[in-house]
Amino acid sequence: MELTFASLSEISDAVKSKKVSAKEVTAHFQSRIQALNPKLNAFTSLNQDALKDAEAIDARIAKGENVGALAGVPFGIKEMLCTKGLTTTAGSKMLSNFVPPYDATVVARLKQAGVVVMGKLNQDEFAMGSSNETSFHGNVKNPWDLERVPGGSSGGSAAAQSARLVAGTIGTDTGGSIRQPASFCGIVGVKPTYGRVSRYGIIAFASSLDQAGPMVSSVQDAALTMEAICGHDPMDSTTSQKAVPQWSKNISTNIKGMKIGVIKEYMKGGLDADVQKTFDDSLETLKKMGAEIVEVSVSMTEFAVPIYYLVATSEASSNLARYDGVRFGYRSEFKNLSSIDLEDFYGKTRGEGFGNEVKRRIMLGTYCLSSGYYDAFYNKAGQVRRLLTNQYLAAFKQCDAIVSPVTTSPAFKIGELVNDPLTMYLNDIFTTSTNLAGLPGMSVPFGMSKAGLPIGIQLTASHFEEQKMLNVAAALESVSPVKGKNPHVI
């Protein structure tokens with residue numbers, strides 16, 4: 001079996017049937033990481049005990065024990081998720097020496113399913129960014145073109161998966177941070193319904209928006225991973241009590257008769273020509289497969305980006321207040337010159353510990369939450385967010401799933417937008433609504449630009465209707481022109 005391109009179930013079945021050992025699988029992907037990570041900067045740290053962890057799985061199999069649905073499958077974990085004994089910096093100097101004493105629930109459940117954690121993956125600082133250029137560890141490079149960004153904030157996860165440094169990765173999505181890099185790197189990325197996945201042990205950015213999800217090579221692998229990580233968690237009161245379906249067993253490419261919605265407010269133009277062609281091709285393909293394309297209206301999407309940045313920066317300013325150099329995080333050096341007062345202590349510590357993008361968002365959020373402005377900004381954003389959600393729910397009474405572009409363009413060049421944050425924020429125009437409404441969303445590769453870069457299509461469904469979304473994605477995947485293509489770095 002060619003391990004590099006094997007699916008999650010192929011690896012797991014081979015390990016459980018002893019055709020290959022978990023240790024051999026782990027060693028294979030370790031060699032790929034050693035060879036390719038210096039070009040990509042996707043991994044920030046490696047699990048030095050990965051081979052021992054793999055041996056433990058082999059030993060359990062030898063005893064006839066149940067080792068889980070993902071036995072021996074090597075995974076990389078985004079730095080936002082706590083991993084017991086492994087450095088977890090969230091891409092920030094502020095947490096540069098933080099080694100968690102426990103696993104996030106997502107990581108614990110992956111281990112329970114038999115996954116071997118290979119190491120931690122690079123990201124934008126505290127998940128704030130759309131290009132993976134704000135990380136304390138330096139920027140990640142896109143495996144399809146090393147001069148371009150992999151997207152953000154889960155750029156390390158996307159690049160590692162695209163170059164097959166591991167068999168699966170986990171990212172987090174606050175405003176599109178799984179779907180946008182998945183589109184840029186030609187992989188499948190899923191943000192489940194808010195509440196499907198526990199946020200316990202995930203370093204908080206914007207608590208009402210954050211959700212972890214799989215970034216893998218196929219729709220089937222995404223479904224398998226979701227089955228492992230989803231479900232109620234007593235450690236997170238926002239998780240749903242709903243049972244976790246067996247998505248992977250029920251995936252169907254037969255979408256005949258399904259109604260696929262297109263949001264008319266998205267059809268105003270302004271897309272890159274290659275993205276527009278990919279989107280048009282996806283609609284034609286869905287029609288040929290027997291689906292009915294219907295136009296729906298979600299007029300509040302016009303306000304999605306400003307609402308998102310009001311909500312996200314406000315919650316970020318609150319969540320990041322804990323990093324004061326006393327209880328948590330980096331502390332400035334005061335050995336030779338002590339601080340003048342507490343304000344001076346906090347100012348130097350937080351000024352040195354946070355990067356520019358994080359400081360920008362903390363200042364925006366603090367302003368939105370300040371006395372006299374809370375009602376005008378944060379409170380008003382919450383009210384409009386509710387209206388947006390209601391419009392989506394009305395739209396899903398007319399269709400089974402909604403299809404749209406993921407981003408306005410394919411991957412852009414490193415440094416191209418780093419000094420233009422507003423343009424960078426507008427790159428999230430198609431993804432932020434999903435987080436604000438708590439809906440499931442995903443990106444599936446479906447097109448190639450003239451420059452040879454992958455382009456994804458976004459699918460969205462109503463709350464807890466992931467199966468419909470996965471089925472439409474599987475249908476597109478089955479005829480995708482990206483299928484079988486691999487980045488040049490491989």
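This text walks through the annotated sites, pockets and cavities of the structure above.

The model is predicted, so local features need pLDDT of at least 70, side-chain atom pairs count only at pLDDT 80 or more, and totals for chains, interfaces and linings use all residues. Residues are numbered from 1 along each chain as its sequence is written, and side-chain values use heavy atoms, with hydrogens and water left out.

Start with the record. UniProt, in an unreviewed entry, places "domain: Amidase" at residues 24-470. UniProt positions follow the numbering used here, feature names are shortened, and annotations may be inferred rather than shown by experiment. Over residues 24-470 the chain is 37% helix and 14% strand. The end C-alpha atoms of that stretch are 32 Å apart. Helices (H or I, at least four residues) and strands (E, at least two) are DSSP runs, numbered from the N terminus.

The same UniProt record, again unreviewed, carries the annotation "active site" for Lys78, Ser153 and Ser177. These residues span 100 residues in sequence, yet no two of their C-alpha atoms are more than 11.2 Å apart, so they gather at one spot. The lining of the largest cavity includes one of them, Ser177.

Take Lys78 first. Lys78 sits in strand S2 (residues 74-78). Its relative accessibility is 0%, so Lys78 counts as buried. Buried means under 20% relative accessible area, exposed over 50%, and partly exposed in between (1.4 Å probe, protein chains only). Beyond residues up to four places away in sequence, Lys78 touches Lys120, Leu121, Gln123, Ala127, Ser153, Ser154, Ser157, Ile170, Gly171, Thr172 and Ser177. Contact here means heavy atoms within 4.5 Å. The side chains of Lys78 and Ser153 are joined by a polar contact of 2.7 Å. A polar contact is a pair of N or O atoms within 3.5 Å; within protein, one must be able to donate a hydrogen and the other to accept it, and residues adjacent in sequence count only if both atoms are side-chain atoms.

Now Ser153. Ser153 lies in the loop between strand S3 (116-121) and H5. Ser153 counts as buried, at 0% relative accessibility. Outside its neighbours within four places in sequence, the contacts of Ser153 include Lys78, Asn122, Asp124, Met128, Asn132 and Ser177.

Ser177 completes the annotated set. Ser177 is placed in the loop between strand S4 (168-173) and helix H6 (179-185). At 6% relative accessibility, Ser177 counts as buried. The side chain of Ser177 reaches the backbone nitrogen of Ser153 at 3.2 Å. Leaving out residues up to four places away in sequence, Ser177 touches Lys78, Ala127, Gly129, Gly152, Ser153, Ser154 and Thr172.

Next, the empty space. Rolling a probe the size of a water molecule over the atoms shows where empty space is left. On a 1 Å grid over the protein atoms alone, a cavity is a set of points where a 1.4 Å probe fits but cannot get out, and a pocket is an open set with protein on both sides within 12 Å along at least five of seven lines; lining residues have an atom within 4 Å of a point. Grid points are joined across faces, edges and corners, and a volume is the space filled by probe spheres set on the points.

The whole structure holds two cavities of 30 Å³ or more. The largest cavity has about 80 Å³ of space. Of its 14 lining residues, Gly129, Ser130, Ser177, Tyr308 and Asp428 lie nearest its centre. The second largest cavity has about 40 Å³. Its lining includes Tyr266, Tyr392, Phe430 and Gln458. S9 and strand S11 (454-460) each supply at least two residues of that lining.

Thr407 lies in the loop between strand S9 (401-405) and helix H14 (421-426). Thr407 counts as buried, at 3% relative accessibility. Its side chain reaches the backbone oxygen of Ser409 at 2.7 Å.

Last come the pockets. The largest pocket holds about 520 Å³ of space. Of its 25 lining residues, Ser217, Ser218, Lys483, Gly484 and Lys485 are closest to its centre. Helix H5 (155-162), helix H7 (219-229) and strand S10 (441-448) each give two or more residues to this lining. The second largest pocket has a volume of about 440 Å³. Of its 17 lining residues, Tyr102, Ile202, Ile203, Ala204 and Arg322 are closest to its centre.
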